[in-house]
Amino acid sequence: MIRLPFGFAALCLALSAAVAAEPFDDKFRQLDELLPTPNTVRNAAGAPGHAYWQQRADYSIRATLDEPGRAISGAGTITYHNNSPDTLRYLWLQLDQNIFRADSDARTSGTVQSRDAWARAKSDEDGLKFDGLRRIFDSASFDGGFNITAVKGAGGQPLRHMINKTMMRIDLPQPLGPGAKTSFSVEWNFKINDAKVLGGRSGYESFKDDKNDLFEIAQWFPRMAAYYDVTGWQHKQFLGAGEFTLEFGDYDVRITVPADHIVASTGELQNPDAVLSAAQRERLRQARGASKPVIIVSQKEAEAAEKSRSTATKTWHFKAKNVRDFAFATSRKFIWDAQGYKKDGTDTMAMSFYPKEGNPLWEQYSTAAIIHTIEQYNKYSFDYPYPAAISVNGPVGGMEYPMISFNGPRPTKDKKTGELTWSKRTKYALIGVIIHEVGHNYYPMIINSDERQWSWMDEGLNTFVQDLAEQAWEADYPRPRGEPRKIVDYMRSKNQVPIMTNSESVLQFGPNAYAKPATALTVLRETVLGRELFDFAFREYAQRWKFKRPTPSDFFRTMEDASGTDLDWFWRGWFYTTDPVDVSVDGITEYGVSTKNPETEKAWKRTQRDAEPVSLTEQRNKGMARRVDTRPELKDFYNAHDDFTVTNKDRNKYQQTVAELEDWEKALLAQGKHLYLVDFSNLGGLVTPLVLEIELAGGKKYIERIPAEVWRYSPAKITKLIITDKPMVGLTQDPYWETADIDTSNNAWPRKITPSRLELFKTEKGQGDLMKDFKTPLKTKDAAKDGDKDGDKRAD
């Protein structure tokens, strides 16, 4: 310990002034040079301005499923409302099915792993899989994409149009002025992709056992591209990663399918009498007020339907108001259950559709997970406004559309015994993906962000709220994303781009677009702002931008405006850089305030001297015969006193000093506080609050939280003064791993030993014995098929 003369405040000022000047990197400079200038459309508070506008597109569509041909044909009328201040001479539509054309940019611009990666492939973990190569081959031969057969004006006249890969431009016969609307019709057809083979966000799945198909149909009609104040027309090509940017509108859709199919769809069914039995309609009525899911189509009924093929058709009629897209699923294999949910401003039907292959997991968890999602998301966003929320089990692992989502996990069926089992991972993957995909109704189906430009605005925000909902499902839920400690490996990695990167240029898509923004918001909620400030601001963002189109700047500005906190440093570090958090505790020096009392101070100095290591010479001299010990007459005053003896002169000086002090100065000397100068380094570059766990002599521990602004004037190195009542025996930065610090080995004083395990392996002998391998008995085909490891069945 170092003793300070009275007046330690002056010392602190001196220490601050003594910091060497370094090139200054202002981590707290404002984002003005990065964010667009506020205007009347989007104001400086992050809210829609008084001149905010957005376009609208209403659809009337008729579609027919060709089940044997696995194709869709459709015809529709689009009424486009120009609410912008601009005159439009042409319109752009999205043709997302064209991603399945063999010559699409998504196909032709695709690359494979490096030559070195192919050469290193030694096992099934790093080698190319059968299904991977099959997808490459089949995608080149699949005759996919839209076949546009007609584009006509309101009067039936052909309209000039031009297809540019996944986009189509329609040239208007007359310019469309501000406030005007126009109608036109399109006719089309396309072949449905095998989603299990070609992937994609929709498609069909074929079941070999009962020779039926299950269709999940999306991106199935030409849809209006978005036109808005920030980008004009959003007509970036659809390459697969950047999803959709669409306009809100009303949909009137008629879907013709085989008469024995059950259809799940965006919107509300308009003709239940024509497509449902009396028993099914009654079950639906009961489900609306039920306390648990009601079976509308049972597994027994679905299995009976699987055995026949109706040659008749039925047309299912749906209407949906104020949605930005429309999707549906259809199959005779569907089991269907439903339960109503009504609370505050939400009055909806939670429904699940799944084949028997999904049971028993789907019957137990799907609809329950839908209702849980709505309950939780309503808390952090707004009341769910739509009349339905649907989860469908099919070939698509997880994909969202308004009111309907496609979700994949199922039990595993043993090929020999037929027994159904599932792993813990499958169970929670099912619950988690339903929460995530149903949650997308909020982000971006209602909070209508531009997914083609910024994937994180829907995936990251939704993953964050998903994490909150999963925590509310059960204690110790295996949270896949959101917990700061789980992003550490990614933050350590080299192959990164900032979160604020266009969707198609993102590397490590899952960590970057989902996990990192969700983790950032967790840190912001738990460590920077606190739950009360954060939750109010986050909900304010949702309320401001529901049924509107926000940009990143609107989110950043709203969070600052509603929380009353300057967060530019946070957005800059987490969203605009790839810097990680890595704070090092470099050193600690203890100081005590000198009491001026010679009795105390000289005793303290003696203690310090006695605590010094005994020299090796003195250790070896221990027990040596000393002359003064055998000749006491050689001892005098200095043998009884040392430099730490208190003299009367010392006492007189102390009395004089105390007499000159004021009462408050005397009280300050008597407090007996312990002062510690703690040095911190910001090795990672991302500034962060300090969360210090301080341990005192006697075992007491407490947390001291220091805001990130502590780095404002020196973003690389700082010294912090810690004052304690008792001696400090330990200090840990980020004790709960809440800041995503990538190296916790330098977070503690004294340093902590890092435990690990050493695995020992036997030396393998006799490998590569070609002669032995050659003489191994050959198994029969049946034995190989059955996995006969012992070779009991031999070839003749």
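In the predicted model, Ile435 makes its contacts with residues from two stretches of sequence. Leaving aside neighbours within four places in sequence, Ile435 is in contact with Ala369, His372, Thr373 and Tyr377, and also with Gln466, Ala469 and Glu470. The residue sits in helix 10, which covers residues 424-439. Its relative accessibility is 0%, so Ile435 counts as buried under the 20% cut-off. Gln376 is 59 residues away from Ile435 in sequence, yet the two C-alpha atoms are 9.6 Å apart.

Val438 is also found in helix 10. An α-helix has 3.6 residues a turn, so residues three or four places apart point the same way. Val438 has a relative accessible area of 2% and is therefore buried. Its contacts beyond four places in sequence are Ile370, Thr373 and Ser405. Thr373 thus appears in the contact list of Ile435 and in that of Val438. The C-alpha atoms of Val438 and Ile371 are separated by 9.5 Å, with their positions 67 residues apart along the chain.

The loop between helix 10 and helix 11 contains Pro444. The peptide bond leading from Tyr443 to Pro444 is cis, and its omega is near 20°. A second cis bond joins Trp749 to Pro750, with omega near -5°. Pro750 lies in the loop between strand 33 (748-749) and helix 23 (770-775).

Ser503 occupies the loop between helix 12 (488-492) and helix 13. With a relative accessible area of 1%, Ser503 is buried. Residues up to four places away are not counted in its contacts. Among the residues that Ser503 touches are Ala241 and Gly242. Ser503 also touches Glu451, Arg452, Gln453, Trp454 and Ser455, as well as Phe509.

Helix 15 runs over residues 552-563 and has 12 residues. From its first C-alpha to its last it reaches 17 Å, close to the 16 Å expected at 1.5 Å a residue. Of these 12 residues, 11 are buried, so helix 15 is largely enclosed by the rest of the structure. The buried set begins with Pro552, Ser553, Asp554, Phe555 and Phe556. It continues with Arg557, Thr558, Met559 and Glu560, and is completed by Ala562 and Ser563. Four helices pack against the buried residues of helix 15: helix 11 (456-471), helix 13 (509-529), helix 14 (531-545) and helix 16 (568-576). Just after helix 15, Gly564 takes a positive phi of about 70°.

Positive phi values also occur at residues other than glycine. Lys211 has a phi of about 55°. Its place is the loop between strand 9 (203-207) and strand 10 (212-217). At 66% relative accessibility, Lys211 counts as exposed. Gln219, with phi near 50°, likewise has a positive value. This residue is in the loop between strand 10 and strand 11 (223-224). Gln219 is buried, however, with a relative accessible area of 5%.

An unreviewed UniProt entry lists residues 367-574 as "domain: Peptidase M1 membrane alanine aminopeptidase". Over residues 367-574 the chain is 51% helix and 9% strand. The end C-alpha atoms of this stretch are 36 Å apart.

The domain assignment gives three domains for the protein. Domain 1 combines residues 53-109 and 140-247. Domain 2 combines residues 594-613 and 628-670, and domain 3 covers 672-749. Between the C-alpha centres of domain 1 and domain 2 there are 90 Å.

For the protein overall, the secondary structure comes to 24 helices and 33 strands. The C-alpha trace spans about 125 × 85 × 55 Å along its principal axes. The radius of gyration is 36 Å, whereas a compact globule of 796 residues would have one near 28 Å. Of the 796 residues, 49% count as buried. The accessible surface comes to about 40000 Å², and carbon and sulfur atoms hold 51% of it. Among contacts with a separation of 6 or more, 75% are between residues 24 or more positions apart.

Notes: Residues numbered from 1 in each chain as written. Predicted model: local features only at pLDDT ≥ 70, side-chain atom pairs only at ≥ 80, totals over all residues. Heavy atoms only, no water. Helix = DSSP H or I, 4+ residues; strand = E, 2+ residues; numbered from the N terminus. Expected span 1.5 Å × (residues − 1). Buried < 20%, exposed > 50% of the residue type's maximum accessible area, 1.4 Å probe, protein only. Contact = heavy atoms within 4.5 Å. Domains from an automatic or database assignment. UniProt positions renumbered as here; feature names shortened; annotations may be inferred. Rg over C-alpha atoms; globule rule 2.2 N^0.38 Å. Areas by Shrake-Rupley, 256 points an atom, 1.4 Å probe, with all protein chains shown as cover.
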